[in-house]
Amino acid sequence: MQGFPAKGDPCVSLGEPTMGTHHAVTWPPAPIKTERLVLRESVPEDRPAFIDLFASPEVGVYIGGAQRREDLERSAPEVPGRRFGSFVVDLGGTMIGMITFDRRDPQRLGRLLPEGGEAELGYLFLPESWGRGYAAEACSAALDWFAGTHPGEPVVLTTQTANQASMRLVTKLGFTEVERFEEFGAEQWFGVWNAQSSSPTGPPPRIR
Ligand SMILES: CC(C)(COP(=O)(O)OP(=O)(O)OC[C@H]1O[C@@H](n2cnc3c(N)ncnc32)[C@H](O)[C@@H]1OP(=O)(O)O)[C@@H](O)C(=O)NCCC(=O)NCCS
């Protein structure tokens, strides 16, 4: 299991870490608790949930499609997603999704810094968990972690404009549009989040 999805959209990847190792940043951090969730490092028991995520046609709709379950069963690491910047989102002891921070490939369209390599947020949640505000709650906590460990550094994000659930989520989180462009045969929305402008005076994530 190198990356996901197969078509190369690097929204969320299970591959090698691209955030690098930060001597000043402890990884994994202590589990991050929110009102309903825990953000933690991956454990071997999460493997079936990772496979469900990456094999789900619903999850794959806007990110290049699902992978074959048989291929995932065969090739997924014993502990998928255990790397710097990759959080498992846990509800009551069960994985419901994942959140990642990766360095954006400078060769890709969409850029904030002249040299590229911005920290990019990615998220995938199992369909059974959708529509309950879990993604907003978890991503908000993950962004807080990032702001605390990488002070002053912006976070970018790309999502298809057709991905309405994701577009609603980025707005809730306080991302603002930088540009739109065509990639992977679809219109992409490229936005940025800054701790200063997103909290506490910026648009708050709508977490009830
Ligand atoms: C993108 C994705 C994470 C969004 O998940 P989601 O469950 O829709 O997002 P949220 O957790 O913010 O839930 C929001 C909905 O829950 C509802 N909700 C219910 N209880 C809630 C609560 N306590 N708090 C907040 N919202 C609540 C809200 O009404 C809201 O619906 P709305 O956005 O229509 O107003 C999910 O669709 C997904 O995993 N998609 C597949 C992967 C993908 O495309 N990732 C993007 C890669 S760039």
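Q: Which strand and helices each supply at least two residues of the shell around the ligand?
A: This is a predicted model: local features need pLDDT (the predictor's confidence in each residue, from 0 to 100) of at least 70, side-chain atom pairs count only at pLDDT 80 or more, and totals for chains, interfaces and linings use all residues. Residues are numbered from 1 along each chain as its sequence is written. Helices (H or I, at least four residues) and strands (E, at least two) are DSSP runs, numbered from the N terminus. The suppliers of at least two residues each are strand S5 (119-125), helix H4 (134-149) and helix H5 (164-173).

Q: Which element gives the largest share of the shell around the ligand?
A: The largest share is five residues. The element that gives them is H5.

Q: Of the 25 residues around the ligand, which come nearest?
A: A residue is near a molecule or strand if its C-beta atom, placed from the backbone, lies within 6 Å of it. Of the 25 around the ligand, those that come nearest are Phe125, Gly133, Ala135, Ala136 and Ala165.

Q: How many residues of the shell are nonpolar?
A: Ala, Val, Leu, Ile, Met, Phe, Trp, Tyr, Cys and Pro count as nonpolar, Asp, Glu, Lys and Arg as charged, and the others, Gly among them, as polar. Six shell residues are polar and five are charged. The nonpolar ones number 14.

Q: Are H4 and H5 parallel or oblique to each other?
A: Axes are lines fitted to C-alpha atoms, for helices over the stretch in contact, with angles from 0 to 180 degrees between N-to-C directions. The two axes come within 10 Å and cross at roughly 45°. Under 35 degrees is roughly parallel, over 145 roughly antiparallel, 65 to 115 roughly perpendicular, and the rest oblique. H4 and H5 are therefore oblique.

Q: Which residues in H5 do Ala135, Ala136, Cys139, Ser140 and Leu143 in H4 meet?
A: Two residues are in contact if their C-beta atoms, placed from the backbone, lie within 7 Å. On the H5 side, the partners are Leu169, Lys172 and Leu173.

Q: Which residue does a cis peptide bond join to Trp27?
A: The omega of this bond is about -5°. The partner is in the segment before strand S1 (32-33). It is Pro28.
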